[in-house]
Amino acid sequence: MERLRMDSWRDIFNGVIEEVKPEHKWVLKMDQKLTPNALPQGWKQVVEEHAFASFQCTQCQHSWGSAQAVILFHMYLDRARGCGWVKMRTFMQQCHKCLACAWAEPIFSETSARLVLLDLVTSIQQKCYGEHVAWPQLHKVVIGGHGGPHKSEYCEACRLGVHQVYKDQDRHGKSSYKGSYEACRDSALPWGSSVLAAPMQSSAGALYKDLDGFNPSSGNTIPCCLSAIIILFFIFIMYHIPEKLAWALGL
């Protein structure tokens, strides 16, 4: 199975976004270190939870398909500069056929990628431009079979809390996927996986300084030392001014 190159993702995205927002330049970039819910000021988040992708184990070569492949998007529109940025992160799934419990990257077809990006552009229109836009007709259409219910115990996004659809397993029936999961459930997440609700970065530029020199400012803050000086000044006034006033009045 051949992986869709990032250039192909960009070409599809550019073609879709230029149809609806030709006046603005948008840039799409892959970032596997993207952290859910860690958003600098002005950035928006979208989670695509119903993309179809194929997976193949690098150890036993077992392959499978899933209609619950998850993609995380962070996006920002700078109206003054007439441009916007999108960062995307895909999530892996774990092989349940071999003892290696290897993690596999999702492989998207061009058709599946186009459906994902159609949804993304609709989200950009809604969240960044404030437009009331209906979802694409193919929003709920899944290309290909997914081979049964989602195996959330083998899903990186589920284990990080990003994928919420199957968070409550009891609502969809008790999971019966034991087998190699007994050996895999305590295995570590893929190297570099970020936990949900990671600490926020204090500066947007710290997260996105590599986006063509873009550095969206989150505003100036009062230094901690200045705040301490102000507090001490008020304490001094509260304790010493009444005493001096009483002495002056001869009380």
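Which residues have the most contacts inside the largest nonpolar core? The numbered points below take up this matter and then turn to the strands and the charged pairs.

1. The structure is a predicted model. Its largest nonpolar core has 35 residues, and those with the most contacts inside it are Trp9, Phe13, Trp26, Val86 and Ile124. Helices and strands both contribute: α1, β1, β2, β3 (63–78), β4 and α2 (110–127) each supply at least two residues of this core. As a general matter, nonpolar side chains tend to be buried together in soluble globular proteins.

2. Ile124 may serve as an example of the packing. With neighbours within four places in sequence left aside, Ile124 is in contact with Phe13, Ile17, Trp26, Met75, Val86 and Tyr129. Among these partners, Phe13, Trp26 and Val86 are also listed with Ile124 among the residues that have the most contacts inside the core.

3. The model also holds a second, separate core, made up of nine residues. Leu34, Leu72, Cys158 and Leu160 are among them.

4. Strand β3 deserves a point of its own. Of its 16 residues, 14 are buried, so that the strand is mostly covered. On one side of the pairing, β3 joins β2 in the antiparallel sense over 10 bridges. There, Gln56 stands opposite Ser63 of β3. The hairpin of β2 and β3 has six residues between the strands, and Gln61 takes a positive phi near 70° in that hairpin.

5. Strand β3 is also joined to β4, by eight bridges, and these two strands run antiparallel. One bridge pairs Tyr76 with Trp85, the latter in β4. Four residues lie between the strands in the hairpin of β3 and β4, where Gly82 takes a positive phi near 70°.

6. A search of the whole structure finds four salt bridges, and three of the pairs are described in the points that follow. In general terms, side chains of opposite charge can pair when their charged atoms come close.

7. One salt bridge lies within a helix. Asp7 pairs with Arg10, and the closest N and O atoms are 3.0 Å apart. Both residues belong to helix α1 (residues 6–20), where they are three residues apart, about one turn of the helix. Asp7 has a relative accessible area of 42% and is therefore partly exposed. Arg10, at 29% relative accessibility, likewise counts as partly exposed.

8. A further salt bridge is formed by Lys87 and Asp31, with the closest N and O atoms 3.2 Å apart. Lys87 lies in strand β4 (residues 83–90) and Asp31 in the loop between β1 (25–30) and β2 (44–56), so the pair ties together parts that are 56 residues apart in sequence. Buried means under 20% relative accessible area. Lys87, at 2%, is therefore buried, and Asp31, at 17%, also counts as buried.

9. Strand β4 takes part in another such pair, since the side chains of Glu156 and Arg89 meet in a salt bridge at 3.2 Å, N to O. This pair links distant parts of the chain: Glu156 is in helix α3 (residues 156–160) and Arg89 is in strand β4, 67 residues apart. Glu156 has a relative accessible area of 3% and is therefore buried. Arg89, with a relative accessible area of 1%, is buried as well.

Definitions and conventions:
Residues are numbered from 1 along each chain as its sequence is written. This is a predicted model: local features need pLDDT of at least 70, side-chain atom pairs count only at pLDDT 80 or more; totals for chains, interfaces and linings use all residues. Side-chain values use heavy atoms; hydrogens and water are left out. Buried means under 20% relative accessible area, exposed over 50%, partly exposed in between (1.4 Å probe, protein chains only). A nonpolar core is a set of buried Ala, Val, Leu, Ile, Met, Phe, Trp, Tyr and Cys residues joined through side-chain atoms within 4.5 Å. Contact means heavy atoms within 4.5 Å. Two strands pair if DSSP finds at least two bridges between them.
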